[in-house]
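I opened this entry to record what I looked up, starting with the overall layout and ending with one helix and the loop before it.

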Amino acid sequence: MSGNGNDFKPGLEGVVAVETEIMEPDREGGMLRYRGVDVEPLIGKVPYENVWGLLVDDDINSKMPDPEPYEPAGLTGNAPSDLQAETARMSGVWNLGKLNEISNEQAREDLGRISAQMMSIVARSARIADAKTDDVPDEVVAQGKTAAEKFLLRWRGEADPRHAKAIETYWICTAEHGLNASTFTARVTASTGADCGAALSAAVGALSGPLHGGAPAYVKPMLDEVAATGDPEKWVRDTLEAGRRIMGFGHRVYRAEDPRSRILKRTARELGSPQIEIAERLEEAALAELARRHPERPLRTNVEYYSAVVLDVAEIPPPLAPAMFACSRVAGWSAHILEQKRTGRLFRPSARYVGPDERSLSLN
Ligand code: COA
């Protein structure tokens, strides 16, 4: 490709664009740490909303607030698109100030109320996708003790404890993951001084693409297909021979096991997932065959694989997976927007021009 000089990295791979105190995954995997704190021991002890506090305020005793009463406008049941539109709309409804004009405290408050409302929007959109036209009353939702329970109550009118545990664990494991595409988008938008609704809505748009937030949606149908054949080894061979990829394996950053995958696998087992057995058999077959075909490049299980299995425990339909991911990532996005406001500078990278030399057009 022309213009691909030494200083040009397509996709900005390996380019350091910001310095952060929040987290950055290390290539060799191993631990998942938010602001230096190991996440694994927090699971089952601390609810998601306090992990939001750890990421945004560097304080595990601080938390994302409860959602306030809010009237969304014309939800469609397509959760990522409803979420993106409504998040941008909150800026207008709440008359949010521009990031370069408001205090850090005000920005933190705006991020808290939007984050909480974003979860509500996804729950309401999911309810519409279930063909339920009535809203669950606020008093019923308020009975939930945690953000995960409130989310389920807002969506289904009930909160099965197994479902709440599955969602909470998934949200905590995927709350933040360094400078991925949506987080970068949130920071770029925040760097212009746009308001918090604009920055979070832009992040949702970036996440809605299948290369970022959509992979769990492909894993469940794959597991169903493998279960139907009953022969994971053959399925893996056939898939790779047909030049297709196995969803949930490989990662741009990790060269070892993704620590999130380990935690989610354990959770799926603890929650008695009906898919865990076939998932483990397929994982074993896929890892062996991928190692045989790519001895030079470790291709290990990524977060999406066991995310799909855990989300299935909570009976989350695969098309809702990107919006579930957005719910968890409100913490990481909010933390980065605040960090960008405090320390950052307007993003304005350069492009190398590789178009035609000066020329004239013959206009008749
Ligand atoms: N199944 C089969 N082969 C895979 C593979 C997978 N899941 N992931 C990578 N490979 C192979 C590629 O075919 C390629 O082989 P080649 O050099 O013979 O063509 C090699 O490994 C390198 O692939 P590349 O696309 O350069 O790796 P990457 O680091 O840029 O890609 C992913 C990372 C995640 C995009 C990639 O591993 C993938 O597509 N995985 C499946 C989708 C998925 O799980 N996405 C969720 C990500 S969290």
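What distance separates the centres of domain 1 and domain 2, taken over C-alpha atoms? I worked from a predicted model, and in it the two centres are 27 Å apart.

**Entry 1, domains.** I noted the bounds first: the domain assignment of the protein chain gives domain 1 as 18-211 + 320-343 and domain 2 as 216-313. I then looked up how the two meet, and found that 24 residues of domain 1 are in contact with 25 residues of domain 2.

**Entry 2, the largest pocket.** I looked up the volume of the largest pocket and wrote down about 2,000 Å³. The pocket is lined by 47 residues, of which Leu211, Gly250, His251, Arg252 and Val253 are the closest to its centre. I also checked which domains contribute, and the lining takes at least three residues from domain 1 and at least three from domain 2. Among the helices, α7 (181-191), α12 (276-293), α13 (303-313) and α14 each give at least two residues to this lining. Sorted by class, the lining holds 22 nonpolar, 13 polar and 12 charged residues.

**Entry 3, helix α5.** I turned next to α5 (147-156) and asked myself how many of its 10 residues are buried. Eight are, so I recorded this helix as largely enclosed by the rest of the structure. The buried residues are Ala147, Ala148, Lys150, Phe151, Leu152, Leu153, Arg154 and Trp155, a list in which I marked Lys150 and Arg154 for the margin of my page. Their cover includes α1 (48-57), α3 (104-129), α4, α6 (161-173) and α14 (321-343); α14 had already come up in my notes as a contributor to the lining of the largest pocket. After α5 comes Gly157, which has a positive phi, near 80°.

**Entry 4, Thr146.** Finally I looked at the residue before the helix, Thr146, which sits in the loop between α4 (138-141) and α5. Is Thr146 buried or exposed? Its relative accessibility is 15%, and because the cut-off for buried is under 20%, I entered Thr146 as buried. A polar atom of the Thr146 side chain lies 3.1 Å from the backbone nitrogen of Glu149. Setting aside neighbours within four places in sequence, I listed Pro47, Glu49 and Glu168 as the residues in contact with Thr146.

Technical notes
Residues numbered from 1 in each chain as written. Predicted model: local features only at pLDDT ≥ 70, side-chain atom pairs only at ≥ 80, totals over all residues. Heavy atoms only, no water. Buried < 20%, exposed > 50% of the residue type's maximum accessible area, 1.4 Å probe, protein only. Polar contact = N/O pair within 3.5 Å; in protein donor to acceptor, adjacent residues only side chain to side chain. Contact = heavy atoms within 4.5 Å. 1 Å grid on protein atoms, 1.4 Å probe; cavity = no way out; pocket = protein on both sides within 12 Å on 5 of 7 lines; lining within 4 Å. Points joined across faces, edges and corners; volume = space filled by probe spheres on them. Nonpolar A, V, L, I, M, F, W, Y, C, P; charged D, E, K, R; others polar. Domains from an automatic or database assignment.
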